[in-house]
Structure formats: structure tokens, C-alpha cells
Amino acid sequence: MLQGKNALVTGASRGIGREIALELARQGANVAVNFSGNEAKAQEVVEEIKAIGRNAIKVQADVANETCVKEMVKEVIGEFGTLDILVNNAGVTRDNLLMRMKEEEFDQVINTNLKGVFICTKAVTRQMMKQKSGQIINVSSIVGVSGNPGQANYVAAKAGVIGLTKTTAKELASRNIRVNAVAPGFISTDMTDALTEEQQAGMLDMIPLGKLGKPEEVAKVVRFLASEDASYITGQTIHIDGGMVM
Ligand code: NAD
């Protein structure tokens, strides 16, 4: 499906990003594994991708830092020659009720989860325009559609990502660059494992399919959007949420 394609996945050392990196590699892509802190974990993903038979490198950058991101993109293109797929996956949470949320908690989540998508997208666009092709997939969240108490910062960022996806899709369509988003619901990762048992039970009540999602179930949709099978889809946000938000 992705034979010969070159991909960059942000926040790929663990969780959903790791699964996306591995899934793209299984379908034939070489993958640059972005990480911000945990180099050893990123190296493990690189080794796993190489074991599949693809090329892989790890690239450190804080997605919210434009200078670092530009360097990262330069390094990836220097190594792979082209850049066909960008997956904007990196994200953080700093949950608090609105009345208690500190300005720095709001700023940190917006900077990583929304500004980071803008910076990384801008950084790859020139190369994709030159190639006259590219796929950009943004990882939003279902709460960006529905809202969620205690997550004003996160919800604002993820809703922003959906708007950014639509605008970028419109701006880049004439250059044969497709831009789409996925909106996962509750997926079993370190992010959701950090919730209390009571919070997890409350989550299950809201999911018609009655179970949490798996990172692979997000990765497979991202792989589809990155492939030619999705050649007439752009500007869309696909919900991967067990039916939570219809
Ligand atoms: P995770 O915490 O396991 O992974 C997030 C990754 O992003 C980590 O590797 C982290 O190091 C990286 N990261 C954080 N800040 C960064 C920065 N400034 N620069 C580069 N990398 C950075 O969480 P996850 O559940 O795998 O989440 C992945 C994405 O999916 C996030 O965007 C998250 O908001 C989204 N999401 C997750 C769920 C869920 O239920 N787990 C639901 C909806 C959306």
C-alpha cells in the first residue's frame, strides 16, 4: 500500500504514534520516528521498523519549536530524499476545571497540540508542493467535536486541529496534497491508563461498542488515509470512537 513512501510521525516513541509508525512500515513506508524526550523508546521503534525491512531514523524535536522542527524536516529529507506522509500525532494533556486552569496549562497544551500541528505542516509543505504530492494526517480527538469538562485547553486545541485540517486541505488541494484528521475516542494507552478506575468505568458507559479502542485501530485508519485508497478524501475528520459521537 505504501511501498517506497517516506513518512514522518510525530510523538512516535510510544502509544498511538508508535503503532502508526509500525503500521506505515508494515505497508512499505520508511519512517522517521520523532520524539521529544525518550530517546531509548524511539530507538526501540526504529529497531522494530528495521526488523520489518524498512529504513527508519529517530529525530528529536519539540513540535512546538519551529527552529527544531525545520531542522528535523531537513534531516528527514536528507536521509530519505522525499517526504510523502506527515502524521501530526504528538500531544499532551494538562487537565483541570476551567476555574482552576492556569494560563501556563492552557498555553502548553495549545502550543503542543495545535501550534505544533501548524509548525510541522508548514515545515513539510514546501517539499510536498515541490513533489506535487503529499499526505498529511492530523490526530485530533473526539472531545474536539463533543467538548469535555476539565479539558478546556485540550478540547480547544483538538477542535482547532479540525479547523486547521479543513483550511489546509483547501489551500493545498490544487498541489495534490491531501489533509485529513482522525478523531479517536478512548484508546487504551498511557494517556488513558493514567485515569482512575471510576473514570474508566464512566468512559465505558458512553461507548456503544462497550470497550476502549486499541492504538492499532487508529493506526489502520491513518494508514488508509495515507494510501491511494483514500485518493478522493480530503479535509475530513474520521471518528474512531466505538460510536460515542454520531
Ligand atoms: P502518549 O502520551 O502515549 O503519546 C504522546 C506522544 O507525544 C509521546 O510520545 C510524547 O513524548 C509526544 N510528545 C508530547 N509532547 C511533544 C512535543 N512537544 N514534541 C514532540 N513530541 C511530543 O498519548 P497517546 O494516547 O498515544 O496520544 C497520541 C495522540 O492521540 C495525541 O495527540 C492525543 O491527544 C491523541 N488522542 C489520544 C486518545 C487516547 O484515548 N489515548 C484519544 C484521542 C486522541
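The following paragraphs describe a predicted model of a protein chain with a ligand, beginning with confidence and moving from the ligand shell to the annotated positions.

Because the model is predicted, local features need pLDDT of at least 70 and side-chain atom pairs count only at pLDDT 80 or more, while totals for chains, interfaces and linings use all residues. Residues are numbered from 1 along each chain as its sequence is written. The protein chain has an average pLDDT of 97 (the predictor's confidence in each residue, from 0 to 100), and 100% of the residues score at least 70. The model has an ipTM of 0.99 and a pTM of 0.98.

The ligand is surrounded by 28 residues, of which G11, G15, A90, G91 and T189 come nearest; a residue is near a molecule if its C-beta atom, placed from the backbone, lies within 6 Å of it. Helix 1 (15–26), helix 4 (103–131) and helix 7 (190–193) each contribute at least two residues to this shell. Helices (H or I, at least four residues) and strands (E, at least two) are DSSP runs, numbered from the N terminus. By residue class, the shell comprises ten nonpolar, 15 polar and three charged residues. Here Ala, Val, Leu, Ile, Met, Phe, Trp, Tyr, Cys and Pro count as nonpolar, Asp, Glu, Lys and Arg as charged, and the others, Gly among them, as polar.

The unreviewed UniProt entry annotates Y154 as "active site". UniProt positions are given in the numbering used here, feature names are shortened, and annotations may be inferred rather than shown by experiment. Y154 lies in helix 6 (residues 152–172). Y154 is buried because 24 other C-beta atoms lie within 10 Å; the cut-offs are 20 or more for buried, 12 or fewer for exposed, and in between for partly exposed, with C-beta atoms placed from the backbone. Beyond its neighbours within four places in sequence, Y154 is in contact (C-beta atoms within 7 Å, placed from the backbone) with T93, V109, N113 and V143.

The unreviewed entry also gives a "binding site" feature, whose positions include G11, Y154, A156 and I187. The positions of this feature are spread over 177 residues of sequence and also in space, up to 25.0 Å between C-alpha atoms. A156 belongs to helix 6 and counts as partly exposed because it has 17 C-beta neighbours inside 10 Å. I187 is located in the loop between strand 6 (177–184) and helix 7, and counts as buried because it has 22 C-beta neighbours inside 10 Å. Not counting residues up to four places away in sequence, I187 touches I16, T192, L212, G213, K214, P215 and V218.

Technical notes:
Two residues are in contact if their C-beta atoms, placed from the backbone, lie within 7 Å.
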